[in-house]
Amino acid sequence: MEVMNSLKDIWFEYDLTINLLSSAAAVYVSIIAAYFITVFSLKSILLKESIVRKAVDKLNVFFNYFPYLLAGLILIFIFPASELTEYIFLVLYASFFLIAKSLNPDRVKEEYILAAKSFGLNEKEIVSQTLIKSIQPVIIKDIQELHIKIWTLLIAFELFKEGLGFGLVFKATLENSDFAAFIFISIILLCIISAGGAIIRYTHKKFFPWEL
Amino acid sequence: MNEIKSQHIKISNLKKEVKNNIGFTEVLINDLTVDIELEPKNITAILVPQGGAEMAKLIAGLEVINAGKIELNGADKVIYIPRKPSSFPWLNVENNIRFVLDRSSINEEEKTNKIKFLLELTGLDDYEKHFPDNKSLGFRFRISLARALAAAPEIILMDNSLDGMERQTKGEAYSLLKSIAKKVNSHLIYSTNNISEAVTLSKNVFVFGKKPLEYCGQIDLDGISAHEGRINKVAEVINGNNLSGFKI
């Protein structure tokens with residue numbers, strides 16, 4: 001009973017409901033938005049050697065030397081207390097991550113393109129009716145990888161920002177040297193990540209069960 | 001069923017070059033001229049060594065040629081079945097066939113009847129709701145074949161599509177293809193580098209030799225019943241009996 005009371009205290013002391021909702025919403029809204037942005041952009045990017053494709057390739061090289069978090073810190077520097085900054089940062093990061101991965105040429109199955117061409121589909125139809133469909137399971141697998149990365153990035157990002165978020169709670173527990181709260185919040189975070197991961201796996205199995 | 005007409009594929013002065021991985025131009029075909037006569041109700045085999053030009057893709061118009069021409073003698077629909085499974089794994093068997101039928105002008109009732117007919121023809125009846133998301137190459141090939149037939153093409157070009165199948169599955173696919181060739185109005189062409197496969201499937205084999213691809217001749221295997229004898233006959237035609245690039 002005492003343990004329950006003390007957990008309840010931690011919950012209210014650190015205002016976990018709102019902080020948790022804020023971070024979880026940022027992560028999952030960003031992932032969903034990035035998924036749609038990816039699918040939508042791939043339809044035009046895959047069609048030809050477009051400027052976007054070249055830009056993605058160049059940015060990919062750039063981010064080999066420039067930590068993503070630094071881009072987030074620049075945003076915090078400009079808009080220190082804006083919750084929108086967090087969403088913009090995460091959506092950009094997640095979309096870039098998924099698009100860059102999806103442009104890997106190994107992911108395009110030549111046999112589906114040849115079959116589709118042979119049936120007289122035009123380029124636009126080939127992309128929308130075969131290519132995008134065929135890489136859906138891979139995008140979901142990428143989202144599984146992205147999921148943990150985006151949580152890590154978010155916590156780190158929130159350590160520096162003002163306002164709401166799980167990272168701020170972690171920061172507060174560290175500043176208060178509140179080890180019990182730190183462990184409790186970590187366990188909650190692990191539970192959320194596990195539940196999110198399970199939903200992503202379920203989505204893969206239920207809606208995109210085929211292999212590339 | 002309308003009577004099937006004999007068909008020709010006329011290849012004239014064909015040239016095909018590719019850039020290799022160090023940037024040099026490699027001539028795969030140089031000035032190739034050949035008239036491939038397709039026998040109605042029989043499979044025609046094209047025997048091409050591995051590592052050379054992909055004749056099936058060229059005939060299907062899926063690769064650009066550098067010079068010359070390929071005439072299909074009025075055939076305006078050629079369906080190509082690639083070597084690797086190409087049935088769409090996100091569609092079930094029925095919808096794979098429907099994918100093609102939806103692009104035609106036939107009504108729903110005709111579509112349903114055609115799907116039923118094709119499922120029976122390819123031995124897929126009772127599997128219409130199954131998804132091709134499995135490792136069975138035979139199953140996936142049957143779907144690709146049913147889907148190709150749905151387009152009612154003049155020519156179906158199979159590009160070594162039975163490669164990688166287990167022996168028993170392959171045997172079943174041979175029988176299926178032979179029986180389908182007798183029942184449909186499409187000409188079936190099987191392109192392979194496997195001599196044994198070519199002579200098993202066809203009595204009418206067109207043999208091509210090593211790089212740059214050259215035409216070695218047409219072999220009529222009618223009257224030669226022994227498998228070994230058929231293989232030997234083909235081997236004799238291949239230039240200098242050089243069987244590199246071919247499987248037996």
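How many salt bridges does the rule find across the interface of chain A and chain B? In this predicted model, the rule finds 2 salt bridges there. Let us take a walk through the structure, beginning with chain A and then coming back to that interface.

**Chain A by itself**

Chain A has 9 helices and 0 strands. Reading along its sequence therefore gives the pattern α-α-α-α-α-α-α-α-α, with helices and strands taken as DSSP runs. Along the principal axes, the C-alpha atoms of chain A fill a box of roughly 70 × 40 × 25 Å.

A good place to look inside chain A is the meeting of helix 1 (residues 2-13) and helix 9 (residues 179-207), whose axes come within 10 Å and cross at roughly 80°. That crossing makes helix 1 of chain A roughly perpendicular to helix 9 of chain A, because angles from 65 to 115 degrees count as roughly perpendicular. On the helix 1 side you will find A:Leu7, A:Ile10 and A:Trp11, and they meet A:Ala180, A:Ala181, A:Phe184 and A:Ile188 of helix 9. By class, the residues of this contact between helix 1 and helix 9 of chain A are 7 nonpolar, no polar and no charged.

**Where chain A touches chain B**

Now for the interface. Chain A brings 18 residues to the contact, and chain B brings 21 residues. Together the two chains bury about 1700 Å², and carbon and sulfur atoms give 66% of that area. Three residues are worth finding on your screen: A:Tyr112, A:Leu114 and A:Phe119 supply 36% of the area that chain A buries against chain B, more than any other three residues.

Polar pairing is present too, as the rule finds 4 residue pairs in polar contact across the interface of chain A and chain B. On the side of chain A that touches chain B, the elements giving two or more residues are helix 6 (110-118) and helix 7 (123-160). Helix 6 of chain A provides the largest share of that side, 7 residues. Sorted by class, that side of chain A has 7 nonpolar, 5 polar and 6 charged residues.

**Salt bridges**

Side chains of opposite charge can pair when their charged atoms come close. Over all chains, the count by this rule comes to 17 salt bridges. Here are two examples to look up.

| Salt bridge | N to O distance |
|---|---|
| B:Arg103 and A:Glu125 | 3.2 Å |
| B:Lys16 and B:Glu63 | 3.6 Å |

The pair B:Lys16 and B:Glu63 links distant parts of its chain, 47 residues apart. B:Lys16 lies in strand 1 (residues 7-19) of chain B, while B:Glu63 sits in the loop between helix 1 (55-59) and strand 4 (67-71) of chain B.

Definitions and conventions
Residues are numbered from 1 along each chain as its sequence is written. Chains are lettered from A and ligands numbered from 1 in the order in which they are written. Side-chain values use heavy atoms; hydrogens and water are left out. Contact means heavy atoms within 4.5 Å. Buried area is the accessible area (1.4 Å probe) that two parts lose on being put together, summed over both. A salt bridge is a side-chain nitrogen of Lys or Arg within 4 Å of a carboxyl oxygen of Asp or Glu. A polar contact is a pair of N or O atoms within 3.5 Å; within protein, one must be able to donate a hydrogen and the other to accept it, and residues adjacent in sequence count only if both atoms are side-chain atoms. Helices (H or I, at least four residues) and strands (E, at least two) are DSSP runs, numbered from the N terminus. Ala, Val, Leu, Ile, Met, Phe, Trp, Tyr, Cys and Pro count as nonpolar, Asp, Glu, Lys and Arg as charged, and the others, Gly among them, as polar. Axes are lines fitted to C-alpha atoms, for helices over the stretch in contact, and angles run from 0 to 180 degrees between N-to-C directions. Angles under 35 degrees count as roughly parallel, over 145 as roughly antiparallel, 65 to 115 as roughly perpendicular and the rest as oblique.
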